[in-house]
Amino acid sequence: MDRHIQIFLHRLSFASITIATLTLLLLFLQTPQTCVPPNSPPKPHLKFPRSTCDSSPRELVPLDKKNRRLWSSRAWKSQVSSFSHFFTSIRHLGLLHNHSKVLCVSAGAGHEVMALSKVGISDVTGVDLVDSPPLVSRADPHDLPFFDGAFDLVYTGHLEEALFPARFISEMERSVRDNGVCVVVVQECGHEEVREIADLFRHSSFVGAANVSLIGLRMTRIVMRTSYIKGFLSGFHIILEAGGLCRINQDYSSE
Ligand SMILES: *[C@@H]1O[C@H](CO)[C@@H](O)[C@H](O)[C@H]1NC(C)=O
Ligand SMILES: *[C@@H]1O[C@H](CO)[C@@H](O)[C@H](O)[C@H]1NC(C)=O
């Protein structure tokens, strides 16, 4: 290589190193400029927590503003509209009326609660482990804070995520009045799974199951009607024998 060029390249790299070093030094020596003016009032939410019990308010956007933003989103509107269709079909089955008292268990952000209000049901309650005011209050689905028989219809679309499905269902049944209705929506399934779910209801009789499309998913809707007669009989096996004899066996295993 040409000697002149080599010397030139050496000088160039030496100059680059010098510039880089000076820049670094400058960065170290200069006080960092922040966006917060030094005389601004302290912000409580920027305080570093001293223990895990220290709660700092993270909610910076007011609730109604947050809700307005959420409820005007396209995803929210289309899901609420899908739930509205779903509950309208329940109404057409004669299972839901404007004066019905309805409970939605594991209601999440409250799509179904809003949909029920939109189709004209005035008394709707939504609960979940995490609240989502004003649509959903906080309550444990496995230990619902309601009197026995407080509702005409109890709906859930989240039985599959329940930690204890039998307990979840017994709380749904307990909260619905005698001759009231429980509606469960699960991922699309066949008659075998439908029967397994229906069997978890100890005080209800099976009304029907149907495949439905809900929020763009293929689901199966299972409807049960509470009847304490079934609960009374569920402790027994009624065996009709060929001769027309009726024998009733106490089923001790279920006690
Ligand atoms: C129920 O409420 C909806 C919406 O308010 C209304 O359009 C409908 O007529 C009501 N149905 C009955 C039977 O009152
Ligand atoms: C729902 O559809 C699936 C697939 O078509 C079918 O196997 C299943 O039996 C249907 N379930 C009910 C409850 O009709």
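This is a guided tour of the structure above, going from the whole chain to the sheet, its helices, the loops and a ligand shell.

The model is predicted, and in it local features need pLDDT of at least 70 and side-chain atom pairs count only at pLDDT 80 or more, whereas totals for chains, interfaces and linings use all residues. Residues are numbered from 1 along each chain as its sequence is written, while chains are lettered from A and ligands numbered from 1 in the order in which they are written.

**The whole protein**

Begin with a cartoon of the protein, whose secondary structure comes to seven helices and nine strands; helices (H or I, at least four residues) and strands (E, at least two) are DSSP runs, numbered from the N terminus. Of the 255 residues, 24% count as buried, where buried stands for 20 or more other C-beta atoms within 10 Å of a residue's own, exposed for 12 or fewer and partly exposed for values in between, with C-beta atoms placed from the backbone. Among contacts between residues at least 6 apart in sequence, 54% join residues at least 24 apart, a contact being two residues whose C-beta atoms, placed from the backbone, lie within 7 Å.

**The sheet**

Next, select the open sheet of seven strands, which has the order 3-2-1-4-5-7-6 and mixed pairing; two strands pair if DSSP finds at least two bridges between them. Its edges are strand 3 (136-138) and strand 6 (204-214), each of which pairs on one side only. From one strand to the next the twist averages 25°, with axes taken as lines fitted to C-alpha atoms, for helices over the stretch in contact, and angles running from 0 to 180 degrees between N-to-C directions.

Select strand 1 (residues 101-105) and strand 2 (residues 123-128), which run parallel and are joined by five bridges; Lys101 has Asp123 in strand 2 as its bridge partner. Moving along, strand 4 and strand 5 also pair in the parallel sense, over five bridges, and here Val154 has Cys182 in strand 5 as its partner. Adding helix 5 (residues 165-175) to strand 4 and strand 5 shows a right-handed β-α-β unit, right-handed in that, with the strands pointing away from the viewer, the path from the first strand over the helix to the second runs clockwise.

The sense then changes to antiparallel for strand 5 and strand 7, which seven bridges join, and Val183 stands opposite Val223 in strand 7. Strand 6 and strand 7 are likewise antiparallel, with ten bridges between them. Center the view on Met219 in strand 7, which has Gln187 opposite and also Val212 opposite.

**Two helices on the sheet**

Now select helix 4 (residues 111-118), which packs on the sheet, touching strand 1, strand 2, strand 3 and strand 4 (151-156), and whose direction makes about 175° with that of strand 2. Six of the eight residues of helix 4 are buried, among them His111, Val113 and Leu116, and the buried residues pack against helix 3 (74-92) as well as strand 1, strand 2, strand 3 and strand 4. Just after helix 4, Gly120 takes a positive phi of about 105°.

Turn then to helix 6 (residues 191-199), which lies across strand 5 (176-187), strand 6 and strand 7 (217-226), running at about 40° to strand 7.

**Backbone details in the loops**

Most residues other than glycine have a negative phi, and most peptide bonds are trans. In the loop between strand 1 and helix 4, select Ser106, whose phi is near 55°; Ser106 is buried, because 21 other C-beta atoms lie within 10 Å. Ile215 takes a positive phi near 40° in the hairpin of strand 6 and strand 7, which has two residues between the strands, and with 17 C-beta neighbours inside 10 Å Ile215 counts as partly exposed. The peptide bond from Pro133 to Pro134 is cis, with omega near 5°, and Pro134 is found in the loop between strand 2 and strand 3.

**The shell around ligand 2**

Finally, select ligand 2 and the residues around it, Glu188, Gly190, His191, Val194, Ala209, Ala210, Asn211 and Thr220, where a residue is near a molecule if its C-beta atom, placed from the backbone, lies within 6 Å of it. Helix 6 and strand 6 are the elements that give two or more residues to this shell, and strand 6 gives the most, with three. By class the shell has three nonpolar, four polar and one charged residues, counting Ala, Val, Leu, Ile, Met, Phe, Trp, Tyr, Cys and Pro as nonpolar, Asp, Glu, Lys and Arg as charged, and the others, Gly among them, as polar.
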